[in-house]
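Good morning, everyone, and thank you for making time for this. Please have the structure open in front of you while I talk.

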Amino acid sequence: MSTATESPKTTADAPKNRGKAPAGERVADWADGRLGIYSLAKANMRKIFPDHWSFLLGEICLYSFVILILTGVYLTLFFVPSMAEVEYHGSFEPMQGLLMSEAYASALDINFEVRGGLLVRQIHHWAALIFVVGIFLHMFRVFFTGAFRKPREVNWLFGFLLLVLAIFTGLTGYSLPDDSLSGIGIRLMEAAILAVPVVGSYLQMFIFGGEFPGHDIIPRFFVTHVLLLPGIMLGLVVAHLILIVYHKHTHYAGPGRTNENVVGYPLLPVYMAKAGGFFFLVFGVITMIAATVTINPIWLLGPYRPDQVSTDAQPDWYLGFSEGLVRMMPGWEWVIPGGYTLNFGLLIPLAVFPAMLAVIGLYPFFESWVTKDKREHHIAQRPRNSPTRTGLGVAWLTAFGVTTIGGGNDLFAVHFNLSINAITWFCRIGFFVLPVLAFFITRRICMGLQRRDRDKVLHGRETGIIKRLPHGEFVEVHQPLPQDQLHVLTSHDQATPMEVGPETDENGVRRRINPVERVRARLSRTYYGEQAQIPKPTSEEYHEITSGHGHH
Amino acid sequence: MKKLSVRRRHPLAAFVVLLLALAATGGLYATLAPADEAQAETSAQSLAIEEGKRLYEVGCSSCHGRGAQGGSDGPSLVGVGAASVDFQVGTGRMPMAQTGPQAPEKPAVYTQAEIDQLAAYIASLGPGPNVPEESAYDPARGDAARGGELFRSNCSQCHNFVGSGGALTNGKEAPSLRDVEPRYIFEAMLTGPQNMPSFPDTTLTEQDKLDIIAWLDEVATSESPSPGGFSLGGYGPVGEGLFAWTFGIGALIAVAVWIGARSTKARKS
Ligand code: HEM
C-alpha cells in the first residue's frame, strides 16, 4: 500500500524488507503522492450501492448521455452550421442540383459521404430519444418511491434541471440539419415567441437576428446544442452523482435494511464491474437499434423552405405534449383596442407547457410543506403506501399522455380510422377529466393493495389447500408469511394528519386560524387521512390472530 | 435490255410480277384505307360505348343516376373524363361499397377491358381528361430531384414528404402513395379525386407530373432503397417515439433486470 507518502521512515525500510515494489504499485504510489488519490478512493471504494433493477434506470440515462457526447463529437467534426445557400452535388441522386443551406448539405454528406456517418447519426438520435425515456422512467422511479424526500430535494432539483435541459438540447439538435422538419419546428417556435404580448416581436428579432428564418438561427442553435447545454448538463450530472455518493443511495425495506444503513454491493469491485458491463450493454443495444432502424431520414425530408409543409411534422416524443397543447387549443384570438392581437391559440399552450414541467420540480417542496415531514428518509417507499402521491403522479402522467396523443392526432386518426376532429375533442375534454379520474382510481387501487398487505400479514398467504374439518366445514389453509416478508409489509411508518386545533380557545372565543393553515390541514388529510391509509396491523393484532382462535 | 428479256422468261417471273402487283395493291390499300379503318374504329368505339353504357347502368347508375346526370348518392359524371373513371374504377374506389367519409381503395371489381368501356361511355357524355399515354407517366423520363421539390410544394401537406399519407378533417384522409402505379398517380393529379385538388397541365405541366412520378418512384415503392434500415413506415417522429418507448427502453430494461439478477455475492473481506 502507499504507506510511502505517510511516513518517510517506512519508505526507507521498504526496499530492505520486500525488494522492489511491483510496477502497478509504484504507479499508484506516484499518483497518490501527487494527487492524494488514496484517501479519496478509500473513502469511496467501499461505497455501497443497493441492488435493484429500477436503480439502474439512472444509469441508463448516464450511459446514453455518455454515448450522446461521444457520437456528438464525431458529428461536430463534419457538420457545417451555416445557412449559406449551396447546390447539392453529393452522391444522393434524388437531391441532385437542389439549392439548400450548407447545414443541410453537410448533414446529407454525413449520411452518404462520411465513413460511418449515417450509423453515428442514427446512434446519436436514438440515444437522444432513449436518454429522455430513461430520464422519465428514472424520475418516476424516484417519485413513486419517495426518494426525493429529505435530504435529496436538491438532487431532485438537479435532476429536474437535467430533464429540462435534455428537452431543450433535443429541440436544438433536431433543428440543426435544416431539413423540412427542423424548419417547421423552428417556425412553430417562432410563432409561439411572437405570440408573447408586448415583447414578442422584440424577442423574435433578438433570437433570430432578423426576419425568419434569417442566417443566424442555425449557428446560434449549434453553439447552444454542442457547447452551452451539454456543458451545463455535464456539470449537473457530476453534481448529481456527487450528491448520490454523499447521501448514499436509498434502498427498499427488508430485514437489516434500515433508515440508517445501505445494504448492497461495494462500489469497487462488484458494482463497478456490473456498471461497466451495463455500459457496454447499453451501448450495444442502442447501436444495434441504430444499425437496423432508420431514424429521422433527413435525405427524404428535403431542405427546409418556408413555403413547404408536410403531414407528420411532429417534434421528438418528449415535446409531443407541447405540440399537443397547440393542436388541442382552439384558435382563439382577441384584437384589443389599439390594434394589438392576443393570440390565445398559442399563448395558453405557451403558459401551460412550462407549468406542466415546473410542477415536477416543485413537488418535493409542496409535499414536505403539506406533511410537515422534516425527517430524513433513506428507505424507498412502496408506491401503494403513499396513495395520494402515487395518484398525483399518475394524474400527471395521464395529462402528459393525453397531450402527447393530441400532438399525434393525425397519426392516430389515420391508423385507428378515427376522425381527427373527434380525437382533438377527446383530448380537450380528457385533459381536464382523465387526470382527475386517474387520481381517484389510482388511490383506490393503492388502498386495495394496502388492504391486501394487511390481510397477508394477519392471515398469511392463501395456499390453495382446502381442508375439511371433522364437523364437515371446509377451510382453506393459510400459511403465515416468513419473517422477512412481514418486515417488508409492516416497516413503513404511518403519520397522522395535521390538525388545525380547536375552533375556539379555552375561553370559548373563536380562534383566528390562518386560512392557509386550514388548506394545509385539509391537504394533510388527503395524504394521511382515512381515505389514504389502511392502518397497518399492530403486533398485538398479529399475535391475537396468529395465536389461532378459530381463524381461517 | 438483254438481261431483262432473258429474265422475263424465267420460270419464276410470273410469280415475281404477281408479288409486285400484290405489294402495289397492298400499298395502295394502305394509303386509301384509313377511311375504312376509321370506320372500323368508330364502330369498335361505339361498341365500347354501348358496352360501357350497359356496365354503367348495372353497376353505377343507382348512385350516379341514369345517363350519369348525378343523383342523390353520387355526383354527375358528365365531363369528368375517361381518366377519372380509369382512376376511380381501376383503384377499386368505384363502385363505392357504402357511404362513408370517403370512398376507400379496394381490389378492383372490373377488368381493365371493362374499365376502358366504362371510361369510353363516360367520355362520350362530355369532354374531359383522357387516359394518358404510357410515355406520359414513365418514371424514367422524369427528374426525381426536381420532382421532390414539386412534391413538397404541392402534395406533402396532405400526403407527407415521402407519401406515407396523412389525415384530413372528419375522418377523411390522404392515402399512402407507396407502390401506387405511375398511371394512377398521373390520373390522380389530372382529375383530383374527392378531396384532392386537381392539378391540370396549367398548374403542373406534363414534365412536372413526370418529375413528381419519378420522385415517388425513387422513394415510395417497395424497391426504394432504405439506407438507414427499417423505415418504420416513414411516419416521422411519432413512430420513432413509439419505438423508443417500446423496443428501445424495453430492451434496456430487460438488460437491467438481467444485470440486477446476476449477483455475484460480495464476500466480506
Ligand atoms: C441526465 C439525466 C440524469 C442522470 C444521468 C441521472 C443519473 C442518476 C443515477 C446514476 C442515479 C443513481 C441510480 C438510480 O437511483 O437510478 C440517480 C439517482 C437520483 N436521481 Fe438522477 N439522473 C438524471 C436525471 C434525474 C431527474 C430528471 C431526476 C428528478 C427530477 C433525478 C433525481 C434523482 C434522485 C432524487 C436520485 C437519488 C435516488 C435515490 O437515492 O434513491 N435524476 N440519478
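Before I name a helix, I should say that helices here are DSSP runs of at least four residues, numbered from the N terminus. Please also keep in mind that this is a predicted model.

With that in hand, we can place A:Arg141 in helix H6 of chain A, which covers residues 117–144. This arginine is buried and yet has no salt bridge, since the nearest side chain of opposite charge, that of A:Glu59, is 9.4 Å away, whereas a salt bridge would need a side-chain nitrogen within 4 Å of a carboxyl oxygen. Leaving aside neighbours within four places in sequence, the residues in contact with A:Arg141 include A:Ser54, A:Phe55, A:His249 and A:Tyr252.

Let us turn to the metal. Which protein residues are donors to the iron atom of the ligand? They are A:His138 and A:His240, each through NE2, at 2.0 to 2.1 Å from the iron. The two histidines link distant parts of the chain, for A:His138 sits in helix H6 and A:His240 in helix H10, 102 residues apart. The iron site is octahedral, with angles of 83 to 178° among six donor atoms; ideal angles for six octahedral donors are 90 or 180 degrees.

Finally, the interface: 67 residues of chain A are in contact with 57 residues of chain B, and the two chains bury about 5000 Å² between them, 70% of it on carbon and sulfur atoms. One salt bridge is found across this interface, and the side chains of A:Arg305 and B:Glu149 meet in a salt bridge at 2.8 Å, N to O.

How values were computed. Residues numbered from 1 in each chain as written. Chains lettered and ligands numbered in written order. Predicted model: local features only at pLDDT ≥ 70, side-chain atom pairs only at ≥ 80, totals over all residues. Heavy atoms only, no water. Buried < 20%, exposed > 50% of the residue type's maximum accessible area, 1.4 Å probe, protein only. Lys, Arg positive; Asp, Glu negative; His and termini not counted. Contact = heavy atoms within 4.5 Å. Donors = N, O, S within 2.8 Å, 3.2 Å for Na, K, Ca; no water. Tetrahedral: all angles 85-135°; square planar, octahedral: opposite > 155°, others 65-115°. Buried area = accessible area lost by both parts, 1.4 Å probe.
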